[in-house]
Amino acid sequence: FFRFVSMRTDFGFSNVLGATYTKGNLLFTKDGQTLLSPIGNRVSAYDLPQNRNVALPFEVRRNIVCIDLSEKEDLLVVADEVGEVTFVHFPSSTALESVQVHQPI
């Protein structure tokens, strides 16, 4: 009579209670498959064909106001509202260095 149904229970939540987009530029990768967006003090990558979103595993101290990606798409430059610029290796999402420019961007 009763059938036990196996159900997947290892779901992971992403951006459940997070900041929303407030300012900063949006950036597409060269192939147009990924959209990068500053969300508060983190960067989110939206995989458009797969309809998936992931927050990159680094954060800066203040809200991000500007991001840019190098021509080879290996270096992501992130600037926050008080003038701290962070260089990130984009393929591995690893923060490499932070530099203070002592001026708001």
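Here is a short conversation about a predicted protein model.

Trainee: Which pattern does the protein follow along the sequence?

Mentor: Good place to start! The protein has eight strands and zero helices. Reading along the sequence therefore gives β at each step, with a strand being a DSSP run of at least two residues. The pattern is β-β-β-β-β-β-β-β.

Trainee: What share of the residues counts as buried?

Mentor: Buried here means under 20% relative accessible area. The protein has 105 residues, and the share of them that counts as buried is 30%.

Trainee: Which strand gives the most to the largest nonpolar core?

Mentor: That core has 14 residues, and Leu36, Val43, Leu56, Phe58, Ile67, Leu76 and Val78 have the most contacts inside it. Strands S3 (42–47), S5 (64–69) and S6 (75–80) each supply at least two of its residues. With three residues, the strand that gives the most is S5.

Trainee: Which residues does Phe58 contact, leaving aside its neighbours within four places in sequence?

Mentor: Phe58 is among the residues with the most contacts inside the core. A contact needs heavy atoms within 4.5 Å. Its partners are Arg42, Val43, Leu76, Val78, Val88, Ser93 and Ala95.

Trainee: Which strands are the edges of the open sheet?

Mentor: The sheet has four strands in the order S5-S6-S7-S8, with antiparallel pairing. An edge strand pairs on one side only, and here the edges are S5 and S8 (94–100).

Trainee: Which residue in S6 is the bridge partner of Ile64?

Mentor: S5 and S6 pair in the antiparallel sense over five bridges. For Ile64, the bridge partner in S6 is Asp80.

Conventions
Residues are numbered from 1 along each chain as its sequence is written. This is a predicted model: local features need pLDDT of at least 70, side-chain atom pairs count only at pLDDT 80 or more; totals for chains, interfaces and linings use all residues. Side-chain values use heavy atoms; hydrogens and water are left out. Buried means under 20% relative accessible area, exposed over 50%, partly exposed in between (1.4 Å probe, protein chains only). A nonpolar core is a set of buried Ala, Val, Leu, Ile, Met, Phe, Trp, Tyr and Cys residues joined through side-chain atoms within 4.5 Å. Two strands pair if DSSP finds at least two bridges between them.
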